[in-house]
Amino acid sequence: MLSNISKALSEGEFESDVYLSLDEIQINHEKLILTIIVTYEEDDEPLQVWQVTCSEYRGHKLNVNYFEEFEVLEDHVFLWEYNYNSADLFFKGVCKNVSQTIGELFVGHSNMVDGQLPLETYLNNNYNTIDIRRLLTQGEGLFSTGPVNVMKVYEKILSNSGLKTSIIEFPNNDCTKYKIFMFGDSYVVAEDFDAFQIM
C-alpha cells in the first residue's frame, strides 16, 4: 500500500517542509505507473523519488501541482460506477411542478455526491432531451443511467412529483472492489496501489 511513503516522510530528516508532485506517468497494459518526487518548496532537486503502481486502473484525473496529503479510500463517489450495480431509470406521466422537481433533484443529487459531480452526469441528455426541463416534460422515457444508489434517489423524487417510475438494474459482474488514490487535485481509481522508493 502507500503507508510506506507516509512512514518514510515522517521518519525522514528534512530541513523544512517537503512537497510532493507528480513527475511522470507511464501506462503499461492495465497498470498506471506514477513517479512522485519529494522536494523542498523552493528547490526542484529531488529528496526522494517514488513509483506508485496502480493495478487494474479504471479512471484518473492527473495534474502536476504540488500536494502535501494523499489517501486511499474504499468508498467515494468516483468509485460508485465501478463498485455498484448500474441501473436505468424510466418514467411516465405528467410532472406536477417541473421547477420544484428540478430543484429537488439538484439538492438531492448534490447532497448525495457532496457536490463532486454535476447533476447532468447521469441524465439522459440525447438530441431529443437537450435539458432537464424538456426531459421532464416529454411524458415518458429514459430519465437517467448510473449507479443504482443514485438512481433510487432520483426515483423517489420523481415518484413524489406524480410520475410513475421503474428501475432496471444491471448486475456488476466484476467482483473487484476498486479503491481511489487521491492526492492534491488528482486521483486514480484502481484495484490496488503499491509504492516503491527508487531514490
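This is a short talk on the sheets, helices and one aromatic pair of a single structure.

Hi everyone, thanks for coming. Before we start, please keep in mind that what you see is a predicted model.

Let's begin with the four-stranded sheet. This is an open sheet, and its strands come in the order β1-β2-β3-β11 with antiparallel pairing. At the edges we find β1, covering 18–28, and β11, covering 192–197, and each of them pairs on one side only. From one strand to the next, the twist averages 25°.

Now look at the middle of that sheet. Strand β2, residues 31–40, and strand β3, residues 43–55, are paired in the antiparallel sense over 9 bridges. If you would like a residue to click on, try I36, whose bridge partner in β3 is W50.

Which helix lies across this sheet? That is α1, residues 3–11, which lies across β1, β2, β3 and β11. Relative to β3, α1 runs at about 160°.

On to the other sheet. Here we have 3 strands in an open arrangement, ordered β7-β6-β8, again with antiparallel pairing. The edge strands are β7 (140–147) and β8 (164–170), each pairing on one side only. The twist in this sheet averages 20° from one strand to the next.

Strand β6, residues 86–92, pairs with β7 in the antiparallel sense over 7 bridges. With β8, β6 also pairs in the antiparallel sense, over 7 bridges. K92 is a nice residue to follow here: its bridge partner in β7 is E140, and in β8 K92 stands opposite K164. Next to K92 in the numbering, F91 stands opposite G141 in β7.

This sheet has a helix across it as well. Helix α5 lies across β6, β7 and β8, and runs at about 145° to β7.

Helix α5 also meets another helix, so to speak. The axes of α3 (residues 98–113) and α5 (residues 148–160) come within 10 Å of each other, crossing at roughly 155°. How do we describe that pair? Angles over 145 degrees count as roughly antiparallel, and α3 and α5 are therefore roughly antiparallel to each other. Their crossing is right-handed.

Who makes the contact? From α3 we have T101, E104, L105, G108, H109 and M112, and from α5 we have N149, V150, V153, Y154, I157 and L158. By class, the residues of this contact divide into 7 nonpolar, 4 polar and 1 charged.

Last stop, the aromatics. How many aromatic pairs does a search of the whole structure find? The search finds 10. Let me show you one of them, Y19 with Y66: the ring centres are 6.0 Å apart and the planes are at 65°, so this pair is edge-to-face. The pair links distant parts of the chain, with the two residues 47 apart. Y19 sits in strand β1, while Y66 is in the loop between β4 (59–61) and β5 (70–73).

To recap, we have the open sheet β1-β2-β3-β11 with α1 lying across its strands, and the open sheet β7-β6-β8 with α5 lying across its strands. Helix α5 also makes a right-handed crossing with α3.

That's all from me. Thanks for listening, and I'm happy to take questions!

Key
Residues are numbered from 1 along each chain as its sequence is written. This is a predicted model: local features need pLDDT of at least 70, side-chain atom pairs count only at pLDDT 80 or more; totals for chains, interfaces and linings use all residues. Side-chain values use heavy atoms; hydrogens and water are left out. Two strands pair if DSSP finds at least two bridges between them. Axes are lines fitted to C-alpha atoms, for helices over the stretch in contact, and angles run from 0 to 180 degrees between N-to-C directions. Contact means heavy atoms within 4.5 Å. Angles under 35 degrees count as roughly parallel, over 145 as roughly antiparallel, 65 to 115 as roughly perpendicular and the rest as oblique. A crossing is left-handed if the near helix is turned anticlockwise from the far one by less than a right angle, and right-handed if clockwise. Ala, Val, Leu, Ile, Met, Phe, Trp, Tyr, Cys and Pro count as nonpolar, Asp, Glu, Lys and Arg as charged, and the others, Gly among them, as polar. Rings of Phe, Tyr and Trp (its six-membered ring) pair if their centres lie within 6.5 Å; planes under 30 degrees apart count as stacked, over 60 as edge-to-face and the rest as tilted.
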